[in-house]
Amino acid sequence: MTKIIGLTGGIGSGKTTVANHFMAAGIPVYIADDEARKIMQSAEIINEIKKTFGNTIFENDILNREKLAGIVFSNPDKLKQLNAIIHPAVKKHFGGWILDHKNSPFVIYEAAILFESGSYKDCDLIITVTAPLESRIQRVLQRDKTTRENVLKRMDIQWNDNQRISKSDYVIENVNPETTKSEVDKILKILNIQ
């Protein structure tokens, strides 16, 4: 049976970089955040979001993700409501995706909130990606064109590295590209994938 390897880490830690190394090694990778974004465009989910959050976060019937983020990242109850809409849909989608990859010995399930969402319970092994706090903040500032305050708000609602590490089988410290790749290669060797 296909084993599920959870890949997680705080915002800006470099999960995508690590996921890309696994992809390059031929391992199927499911990026939960990307799939959630696609799922959020389905009529069924949009209707649920409208019922819960109202029409003010829509412009010409298109979800304004920044407005929604502003609401949920400053109100834990609103974030729970959004997650209650999105997580079951992502879990269902992943169930179909894994059937398409049932002949792979391993797949990677990459999710920023693997622990917070409870998805870690479905994983056979877990890899946490870490990076120094300031590096993480700078990466997110460049990537998302947001404010430092918004980045710190998002970090505050995620588990911290110590919490994630305590429940992980492997830890990759993403400080420079060479060592990150060599850490991935070590894990691939341990898992007998290469």
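# Helix packing and burial

Biologist: At what angle do the axes of H2 and H5 cross?
Modeller: H2 and H5 are DSSP runs of H or I with at least four residues, numbered from the N terminus, as strands are runs of E with at least two. Axes are lines fitted to C-alpha atoms, for helices over the stretch in contact, and angles run from 0 to 180 degrees between N-to-C directions. The axes of H2 and H5 come within 10 Å, and their crossing angle is roughly 110°.

Biologist: What is this model, and from which number does each chain start?
Modeller: The model is predicted: local features need pLDDT of at least 70 and side-chain atom pairs count only at pLDDT 80 or more, while totals for chains, interfaces and linings use all residues. Side-chain values use heavy atoms, without hydrogens and water, and residues are numbered along each chain, as its sequence is written, from 1.

Biologist: Are H4 and H5 oblique or roughly parallel?
Modeller: H4 (residues 65–72) and H5 (residues 76–100) pack at about 125°, their axes 7 Å apart. Angles under 35 degrees count as roughly parallel, over 145 as roughly antiparallel, 65 to 115 as roughly perpendicular and the rest as oblique. Therefore H4 and H5 are oblique.

Biologist: Which residues of H5 does H2 meet?
Modeller: H2 and H5 are roughly perpendicular to each other. H2 brings Ala 32, Glu 35, Ala 36 and Ile 39 into contact (heavy atoms within 4.5 Å). On H5, these meet Ile 86, Ala 89, Val 90 and His 93.

Biologist: Within what arc do the buried residues of H3 fall?
Modeller: In H3 (residues 43–53), Ile 45, Ile 46, Ile 49 and Phe 53 are buried. Buried means under 20% relative accessible area, exposed over 50% and partly exposed in between, with a 1.4 Å probe and protein chains only. The arc is taken from the directions from the helix axis to the C-beta atoms. The buried residues of H3 line one face of the helix, because they fall within an arc of 100°.

Biologist: Which exposed residues are on the face of H3 turned away from its buried side?
Modeller: The buried residues of H3 pack against H2, strand S3 (58–59), strand S4 (62–63), H4 and H5. The face turned away carries Ala 43, Glu 44 and Lys 51.

Biologist: Over what arc do the buried residues of H9 lie?
Modeller: In H9, Thr 180, Val 184, Asp 185, Ile 187 and Leu 188 are buried. They are on the same side of H9, because the arc they cover around the axis is only 160°.

Biologist: What covers the buried residues of H9?
Modeller: The exposed residues Glu 178, Lys 189 and Ile 190 are on the other side of H9. The cover of the buried residues includes helix H1 (15–24), strand S6 (125–130) and strand S7 (170–173).

Biologist: With which side chain does that of Thr 180 make a polar contact?
Modeller: Thr 180 is buried, with a relative accessible area of 0%. A polar contact is a pair of N or O atoms within 3.5 Å; within protein, one must be able to donate a hydrogen and the other to accept it, and residues adjacent in sequence count only if both atoms are side-chain atoms. The Thr 180 side chain reaches the backbone oxygen of Asn 176 at 3.0 Å. At 2.7 Å, its side-chain partner is Asn 174.

Biologist: What is the relative accessible area of Ser 117?
Modeller: Ser 117 is found in the loop between strand S5 (106–110) and S6. Its side chain makes a polar contact with that of Ser 119 at 2.8 Å. Ser 117 is partly exposed, with a relative accessible area of 26%.
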